[in-house]
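This report goes through a single protein chain, from its charged side-chain pairs to its metal site and its domains. Please keep the sequence and the model at hand while reading.

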Amino acid sequence: MADALLHIENVRAGYGDAVVIDDIGFSLGEGESLAVLGRNGMGKTTLILTLMGQTNLVAGRMSMRGVRFERSPSNARVAMGLGWAPQERGIFASLTVEENLAVAARAGHWNAARTFELFPSLAERRRNFGNQLSGGEQQMLAIARALMTNPALLLLDEPLEGLAPIIVEEMTRTIRKLAAEGVGFILVEQHTQLALGLTRQAIILERGRIVFKGASQELIDDPSVLVRYVGLRGERGLVPAAPR
Ligand SMILES: Nc1ncnc2c1ncn2[C@@H]1O[C@H](COP(=O)(O)OP(=O)(O)OP(=O)(O)O)[C@@H](O)[C@H]1O
Ligand SMILES: [Mg+2]
């Protein structure tokens, strides 16, 4: 079997002495997508930060295309193909949109012209400073910047959080387009139904552990696991069977 694009196993990590995620393991192939679901504080961002080398890794292995990276610094992980769009977006306020993109650039398919094609509204704001952007534009810029690193796998941490419904729709279309182009991604989301519609695989985290791992479609077909662990927050069209 060919090496997975990303393979992690028995990962235990946290902050200082506090262990936040434990016994985490999954594999993703080239161009595949994974939804990471779970309520607030369950360890979703900690998992992403751990992939990027920003937490205290206590145990576990992580590899990309067969190359171990759990002891590598963050910049080496970017070079290996992890493209991170952080939950708090991390836009440089005093740089323009173009400059924000330029500082992230690594050679490859994705350049400023291609990312502007993908995010036309960002193209119109190319000479605006980071602190002049709306929340939606900042989120687009965060993803565009991750793309500029020409990743094999995008890490999207709640890209739809706090966005107006019309922007959520636009962003959803964009993520679908990226998937169709073969860009693999891990999508952390509280918009559960949207996330399941965009991904092939899903995991649910509960207090830092995986309580579901399987096909996204499984959770769409039988939402009982979702209702139990994620609840109905922010959902439309997900109605649990009423207890009788
Ligand atoms: N820098 C930190 N130092 C110590 N504990 C932290 C730190 N960041 C997060 N935690 C704790 O780790 C746990 C998991 O947090 P995490 O941010 O991974 O959750 P999350 O699932 O991403 O939540 P949300 O949906 O609100 O973004 C929480 O109990 C949180 O308080
Ligand atoms: Mg988070």
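A salt bridge is counted here when a side-chain nitrogen of Lys or Arg lies within 4 Å of a carboxyl oxygen of Asp or Glu. The model is a predicted one, in which local features need pLDDT of at least 70 and side-chain atom pairs count only at pLDDT 80 or more, while totals for chains, interfaces and linings use all residues. Residues are numbered from 1 along each chain as its sequence is written, chains are lettered from A and ligands numbered from 1 in the order in which they are written, and side-chain values use heavy atoms, with hydrogens and water left out.

**Salt bridges**

By this rule the count comes to ten salt bridges, including the three in the table.

| Pair | Closest N to O distance |
|---|---|
| R61 and E9 | 3.6 Å |
| R65 and E30 | 2.9 Å |
| R126 and E98 | 3.1 Å |

Helices and strands are DSSP runs numbered from the N terminus, helices being H or I with at least four residues and strands E with at least two. Because R61 lies in strand β4 (residues 56–64) and E9 in strand β1 (residues 6–15), their pairing ties together parts that are 52 residues apart in sequence. R65 belongs to the loop between β4 and β5 (67–68), and E30 to the loop between β2 (18–28) and β3, so this pair joins parts 35 residues apart in sequence. R126, in the loop between α5 (120–124) and α6 (135–148), is 28 residues from E98 in helix α3. A residue is called buried under 20% relative accessible area, exposed over 50% and partly exposed in between (1.4 Å probe, protein chains only). On that scale R65 is partly exposed at 42%, as is E30 at 48%; R126 has 29% and is partly exposed, and E98, with 28%, is partly exposed. A network of salt bridges also links R12, D22 and R209.

**The magnesium site**

T45 (OG1) and Q87 (OE1) coordinate the magnesium ion (ligand 2) at 1.9 to 2.3 Å. Since T45 lies in helix α1 (residues 44–51) and Q87 in the loop between β6 (82–85) and α3 (97–104), the pair ties together parts that are 42 residues apart in sequence. Donors are N, O and S atoms within 2.8 Å of the metal (3.2 Å for Na, K and Ca), and as water is not among the atoms, sites may look incomplete. T45 is partly exposed, with a relative accessible area of 25%, and Q87 is partly exposed at 24%. Helix α1 is largely enclosed by the rest of the structure, because seven of its eight residues are buried, among them K44, T46 and L47.

**A buried strand residue**

L37 is found in strand β3 (residues 33–37) and is buried at 0% relative accessibility. Contact means heavy atoms within 4.5 Å; leaving aside neighbours within four places in sequence, L37 is in contact with residues including K44, E189, L205 and V230.

**Two domains**

The domain assignment, which is automatic or taken from a database, gives domain 1 (1–81 + 151–234) and domain 2 (89–150). Their centres, taken over C-alpha atoms, are separated by 22 Å, and the contact takes 18 residues from domain 1 and 16 residues from domain 2. No salt bridges are counted between domain 1 and domain 2.
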